[in-house]
Amino acid sequence: MMKLILLVSCLAAFALAAPQKEPVPIVKQDSQVNGDGSYSYSFETGDGTKAEQSGQLKNLGPNDDGEVVQGSFSYVAPDGKTYSVTYTADENGFQPQGEHLLAIPEAIARSIEYNKAHPEEDKSQK
């Protein structure tokens with residue numbers, strides 16, 4: 001699940017960027033992978049797209065480990081505005097934040113909180 005979240009977050013940075021006719025140069029790039037499962041990467045391209053992400057393993061239970069990821073990306077859209085997203089991906093799912101993102105309606109937010117507080121009622125996951 002965490003690998004899927006990581007893949008989706010990486011692809012989102014690329015998919016949301018404006019399509020280019022000419023190759024866009026990478027002007028800055030850094031990555032590090034550590035033996036303990038933690039990692040970080042960042043890049044910046046010539047068209048103003050930027051992304052960075054870091055992650056580390058987290059023990060989620062006696063027989064369950066997962067990756068906890070924090071990151072951000074920004075890009076210049078065809079309308080000339082720079083859009084930025086910060087996110088966390090962990091046992092609670094992918095949690096993006098950005099001024100341009102729609103807020104979760106209050107009724108849905110209450111439902112999510114109720115479901116978190118009553119996991120025993122969710123029979124579909126077992």
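**Close-up 1. A polar contact of 2.4 Å links the side chains of Gln 53 and Tyr 87.** The model shown here is predicted. Gln 53 sits in strand 3, which covers residues 50-61. A polar contact of 2.7 Å also joins the side chain of Gln 53 to that of Tyr 39. Is Gln 53 buried or exposed? Gln 53 counts as buried, because its relative accessibility is 3% and the cut-off for buried is under 20%. Both partners, Tyr 39 and Tyr 87, belong to the core in the next view.

**Close-up 2. Eleven residues form the largest nonpolar core.** Four tyrosines are listed in this core: Tyr 39, Tyr 75, Tyr 83 and Tyr 87. Phe 43 and Phe 73 are also members. Val 69 and Val 85 belong to the core too, along with Ala 51, Ala 77 and Ala 89. Which strands each supply at least two residues of this core? They are strand 2 (39-45), strand 4 (64-76) and strand 5 (82-90). Strand 5 provides the largest share, with four residues.

**Close-up 3. Tyr 83 is one member of the core, seen here with its contacts.** Leaving aside residues up to four places away in sequence, Tyr 83 touches Phe 73, Ser 74, Tyr 75, Ala 77 and His 100. Among these, Phe 73, Tyr 75 and Ala 77 are also listed in the largest nonpolar core.

**Close-up 4. The second largest pocket has a volume of about 210 Å³.** Rolling a probe the size of a water molecule over the atoms reveals where empty space remains. The lining of this pocket includes Asn 92, Phe 94, Gln 95 and Pro 96. Ile 104, Ala 109, Ile 112, Glu 113 and Lys 116 line the pocket as well. Strand 6 (93-97) and helix 2 (106-117) each supply at least two lining residues. Which element gives the most to the lining? Helix 2 does, with four residues. By type, the lining divides into five nonpolar, two polar and two charged residues.

**Close-up 5. Asp 36 lies in the loop between strand 1 (26-33) and strand 2.** Asp 36 is exposed, because its relative accessible area is 53% and exposed means over 50%. Its side chain makes a polar contact of 2.6 Å with the side chain of Ser 38. What separates the C-alpha atoms of Asp 36 and Leu 57 in space? The separation is 7.7 Å, while the two residues are 21 residues apart along the chain.

Technical notes:
Residues are numbered from 1 along each chain as its sequence is written. This is a predicted model: local features need pLDDT of at least 70, side-chain atom pairs count only at pLDDT 80 or more; totals for chains, interfaces and linings use all residues. Side-chain values use heavy atoms; hydrogens and water are left out. A nonpolar core is a set of buried Ala, Val, Leu, Ile, Met, Phe, Trp, Tyr and Cys residues joined through side-chain atoms within 4.5 Å. Buried means under 20% relative accessible area, exposed over 50%, partly exposed in between (1.4 Å probe, protein chains only). Contact means heavy atoms within 4.5 Å. On a 1 Å grid over the protein atoms alone, a cavity is a set of points where a 1.4 Å probe fits but cannot get out, and a pocket is an open set with protein on both sides within 12 Å along at least five of seven lines; lining residues have an atom within 4 Å of a point. Grid points are joined across faces, edges and corners, and a volume is the space filled by probe spheres set on the points. Ala, Val, Leu, Ile, Met, Phe, Trp, Tyr, Cys and Pro count as nonpolar, Asp, Glu, Lys and Arg as charged, and the others, Gly among them, as polar. A polar contact is a pair of N or O atoms within 3.5 Å; within protein, one must be able to donate a hydrogen and the other to accept it, and residues adjacent in sequence count only if both atoms are side-chain atoms.
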